[in-house]
Every structure is written in structure tokens, then in C-alpha cells.
Amino acid sequence: MQKKIAVINDISGFGRCSITATLPILSYLGVQCCPVPTAILSNHMGFPHYFIDDYTDRMRVYIENWQKLGLRFEGIMTGFLGSAEQIDIVKGFLRDFSKEGTLVIVDPVMGDHGRIYATYTEEMCTEMKRLVALCDITTPNLTEACRLTDTPYRAAGWRKRELYDMARQISSYGPAKVVVTGIPQGEFIANYIYEQDREPRIIRTHRVDAERSCTGDVFTSIIAADGVNGVPFDRSVRKASGFVKKCILKSVEMEIPKTDGVCFEEVLYQLKRD
């Protein structure tokens, strides 16, 4: 039976992010992507102008119809959420659809470069911590890990013990597996892997270009698909890190604007399915 992941995120028509990026990656890895849209955007918010149709008031009716159909999913994945109400809806979705064996993956999309997004409130940050407590795997970047643990942010100079303390604290909320992404280490970018009852690991890749929009969506999509497919977590993180690097290198080669994300379509065939 083909496995299915319910993906709760927005749909951006341009910019290779959110569900637009997740759907082809899950499909390539042999997993059916079942979107629950939180908003429809003409393009992501990193552009100077965008149209947005907020979907909050329709999400519950949308989800109720899935309940009537008795749908079941091997995985549930969440991305950017636009309000405390949406986070509450997602918590209800997990309560109704997360059964024994359902893998829940939360990407706590809250901010980057030491700053929380302008759309985020203190209430939303608190609610996101409660949502993270309900998942099996979470993929915060360094900024989000600091916010989830009330740790002062700094751009560099992180010691292993400090990363361990943050990851362990996040795991203590609920998730058995944590990867803190995008940690600057000189010429490298590191991902810190924490699994309960296993030795923590750091996976580093050479920095190949300035950061690009929406690489986190590509990364977490691979983690989610591999999770339901039974791929070991550290192997999945290594694969996702390496694939994002390939995407960035190809985007530089093709002179893709940074706001357009990464042209993963050109290298998707290199993404292993095991």
C-alpha cells in the first residue's frame, strides 16, 4: 500500500516553497502528498508584493470532510502557520488523525537569522512550542531552536554542549528526534542531530552560496518521506543536507534568483529513494 502524508501548509504559486516544493519531493520518494492548505499565495512573502487568500475559516470544513471519509495517514507534516487559530486547528487535526504508528513531523517555521517573522506574536510562539510537544520529529533552524528554548541567539560560535542542551530541551517537550538546522561553522553549515537514547551527531556540508529561500521546505520534505519509509534518521539528515547542497549548486549554475528558491527539479533524479 502506498503511504500517505497529510501536509498542512500554504500553497504559493511562485517561489518553490511550502506545498509547491513538498508535493513533488514526496511523490518522487514514493509517498502520496495530501495537502491541507492554510493559505493561497500568488508567491511567497519574500517578494516585495504578493496576494494572499487566508484559508483559516475554511480549514475546519475541509478537514471535517476528510473525517467523514475516514481517511488515514502514515504521516502528518506541518509547515508555516499564520495564526494561533491555525495552530489550534492543527492540534485538533493531530488529535483526530494521528493514530498508533502515525509519524508527526513539525517544522516550526517561526523566523531566521535571529529574528522572529513579523507575522508571529508571542501567543503564536507559545502555541508553537505546544505543537512541537505533539510531534515525533521536529526540524527547527538555529533561530527557532533558540526561541523554543528561550536561549539567547548568536550567529556563530556555538559549542557542542550548548547545541546538545537546546536539542535535549526541545526533545523533552515530546519529539524523540530533533535536528537543529543551519548552524554556521566557518566554511561549513552544520545540522545537529539529537535522538533519544542515541549519541548526538553533527553533519556538516561546505557552504556553497548565500542562503536561498525555502531550502527548509526541501529539507523537511525529505525527512518526512524518509521517516514514513523507515530510513534511519541520521542517514535521512545526511541525504537531505547533501541534496539541498546539490540544489543550491545547480541554482547558482543556472543563475536562478535567490527569491526563486532552489531548482530542485533539475537534480531530483539524484535523490535516492532508500
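**Exercise 1. Which residue takes a positive phi in the hairpin of β9 and β10?**

Before we start, note that this is a predicted model, in which local features need pLDDT of at least 70 and side-chain atom pairs count only at pLDDT 80 or more, while totals for chains, interfaces and linings use all residues. Residues are numbered from 1 along each chain as its sequence is written, and side-chain values use heavy atoms, with hydrogens and water left out.

*Solution.*
- Step 1: find the strands, taken as DSSP runs (E, at least two residues) and numbered from the N terminus, as are helices (H or I, at least four). Here they are β9 (residues 177-185) and β10 (residues 188-195), paired in the antiparallel sense over seven bridges. Pairing requires that DSSP finds at least two bridges between two strands.
- Step 2: check a pair. Isoleucine 183 stands opposite alanine 190 in β10.
- Step 3: look at the turn. Two residues lie between the strands, and glycine 186 takes a positive phi near 65 degrees.

**Exercise 2. Place β9 and β10 in their sheet, and find the edge strands.**

*Solution.*
- Step 1: follow the order. The open sheet has nine strands, β3-β2-β1-β4-β5-β8-β9-β10-β11, with mixed pairing.
- Step 2: find the ends. β3 and β11 (201-206) each have a single partner strand, so one side of each is left without a neighbour in the sheet.
- Step 3: sample the pairing. β2 and β3 pair in the antiparallel sense over three bridges, with leucine 41 bridged to isoleucine 52 in β3. By contrast, β8 (residues 137-138) and β9 pair in the parallel sense over two bridges, and the partner of isoleucine 137 is lysine 177.
- Step 4: add a helix. α7 (residues 215-228) lies across β1, β2, β4 (75-78), β5 (103-106), β8, β9 and β10, and runs at about 165 degrees to β1. Such angles, from 0 to 180 degrees, are taken between the N-to-C directions of lines fitted to C-alpha atoms, for helices over the stretch in contact.

**Exercise 3. Work out which side of α2 (residues 56-69) is buried.**

*Solution.*
- Step 1: list the buried residues (under 20% relative accessible area; exposed is over 50%, partly exposed in between, with a 1.4 Å probe and protein chains only). They are Thr56, Met59, Ile63 and Trp66.
- Step 2: check their directions. These residues cover an arc of only 50 degrees around the axis, which puts them on the same side of α2; the arc is that of the directions from the helix axis to the C-beta atoms.
- Step 3: recall the helix geometry. An α-helix has 3.6 residues a turn, so residues three or four places apart point the same way.
- Step 4: turn to the other side, where Asp57 and Lys68 are exposed.
- Step 5: find the packing partners. The buried residues pack against β1 (3-12), β2 (31-41), β3 (52-54) and α3 (84-97), where contact means heavy atoms within 4.5 Å.

**Exercise 4. Describe the surroundings of α3, using valine 90 as a probe.**

*Solution.*
- Step 1: count. Of the 14 residues of α3, 10 are buried, so the helix is largely enclosed by the rest of the structure.
- Step 2: zoom in. Valine 90 is one of the buried residues, with a relative accessible area of 1%.
- Step 3: list its contacts. Leaving aside neighbours within four places in sequence, valine 90 touches Ile8, Thr78, Leu81 and Leu131.
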